[in-house]
Amino acid sequence: LSSRWIWRGFAPAFLVVPALLTTACTSLTQGGSVRIRAVATVTQVSALTRAVGGDRIQLTALLKSTDDPHAYEPHPSDVTALAQAKLIVKSGAGLDKWIDKPITAAAPNATVVDASASARLRSSATEGQDPHWWYDVDNARSASDAIANALAGVDPANAASYRASASELKRRLHDADRQIHALVDPIPAAQRLFVANHDAFNYFLARYQITLVGDIIPSTDSLAAVRPADTAKLINDVRQKRVKAIFTETTLQSGLASQIATATGVKVFDGKLYGDAIGDPGTDGATLEGALVHNGRLMAAAFTS
Ligand SMILES: [Zn+2]
């Protein structure tokens, strides 16, 4: 029973439910005011929304740390959450286009923020634009303001609070950026050689002047097929350039990485990068700034190993 089947089969029923729920379901903050219902799609954008909205919003984060945004298909419960939401924050740039139809169907009146709209998008190493824009701190900071402005629009009484939270978040992101620079900058550029599991790190690599030797899955889409010729070329490049370590990601299987490591004698680095997803609430990587520092630490350790 696939989630696609569930969506097709049950969608009409779920489109009726929202009207019954919107007035019945409210929740209160500690101060007694009504919380704004918000939905965010991928984990990185959910983390920014959570930080800006604080306890003034009731956030439904659609994706969890184990979900692959390239493969996600909305569940019926996601559609219910959309129908109740005043604000919907999507990542944009093509990554979460699976949310567009459900928004049109279930939440035609909600305010929708495309958080990538304020981002400076980069080309990917493999094809088209790289949709993983949040791994440049400047983009994450712009998105924080966009989310605060949108929340101020749907909840004007608390506009100052949202803007203050966004300022705090931007300060933490700036601090993370400084920490990563402090880790990576002392390492000679020739040693900053990176092999990723898929093409998701262009923003991070550009910011910290790290060279991409290759991607195990040479695509911005983690589900793309890998041709044997691509793997053979990567094995050759890893050997020639004396890459120290190959990385895997928290949401991906590491079988192909292990295969390349065996062929080249280079180890798969112990510790997974946050790529398509960051951590769940309560973990070190639950905030975008925490995930960025985690990735910076892992890379710096690998480059100097
Ligand atoms: Zn990806």
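Contact here means that heavy atoms lie within 4.5 Å of each other. The structure in these exercises is a predicted model.

**Exercise 1.** Determine how helix α5 and helix α6 are oriented to each other, and which residues form their contact.

*Solution.* Begin with the geometry: two packed helices are described by the angle between their axes and the distance between the axes. For helix α5, which covers residues 137-154, and α6, the angle is about 170° and the axes are 9 Å apart. Angles over 145 degrees count as roughly antiparallel, and α5 and α6 are therefore roughly antiparallel to each other. Next, look at the residues that meet: on the α5 side they include V137, A140, R141 and S144, and on the α6 side they include A159, Y162, R163 and A166. Finally, sort the residues of this contact by character, which gives ten nonpolar, three polar and six charged.

**Exercise 2.** Carry out the same analysis for helix α2 and helix α6.

*Solution.* Helix α2 spans residues 43-53 and helix α6 spans residues 159-184, and the two pack at an angle of about 130° with their axes 7 Å apart. Since this angle falls outside the ranges for roughly parallel, roughly perpendicular and roughly antiparallel, α2 and α6 are therefore oblique to each other. In the contact, L48, A51, V52 and G53 of α2 meet Y162, S165, A166, L169, R172 and L173 of α6. The residues of this contact divide into seven nonpolar, two polar and one charged.

**Exercise 3.** Describe the site of the zinc ion, starting from its protein donors.

*Solution.* First identify the donors, which are NE2 of H70, NE2 of H132, NE2 of H198 and OD of D276, at 1.9 to 2.2 Å from the zinc ion. Then examine the angles among the four donor atoms: they run from 98 to 119°, and the site is tetrahedral. Along the sequence, the donor residues follow the spacing H-x61-H-x65-H-x77-D. H70 belongs to the loop between β2 (57-61) and α3 (76-84), while H198 belongs to strand β7 (residues 193-198), so this pair ties together parts that are 128 residues apart in sequence. As a last step, consider accessibility, by which both H70 and H198 are buried.

**Exercise 4.** Is S91 buried or exposed, and which residues does S91 touch?

*Solution.* Locate S91 in the loop between β3 (87-90) and α4 (100-106). Its relative accessibility is 0%, so S91 counts as buried. Leaving aside residues up to four places away in sequence, S91 touches T41, V42, V45, D96, D114, A115, S116, W133 and W134.

Key:
Residues numbered from 1 in each chain as written. Predicted model: local features only at pLDDT ≥ 70, side-chain atom pairs only at ≥ 80, totals over all residues. Heavy atoms only, no water. Axes fitted to C-alpha atoms, helices over the stretch in contact; angles between N-to-C directions. Helix = DSSP H or I, 4+ residues; strand = E, 2+ residues; numbered from the N terminus. Parallel < 35°, antiparallel > 145°, perpendicular 65-115°, else oblique. Nonpolar A, V, L, I, M, F, W, Y, C, P; charged D, E, K, R; others polar. Donors = N, O, S within 2.8 Å, 3.2 Å for Na, K, Ca; no water. Tetrahedral: all angles 85-135°; square planar, octahedral: opposite > 155°, others 65-115°. Buried < 20%, exposed > 50% of the residue type's maximum accessible area, 1.4 Å probe, protein only.
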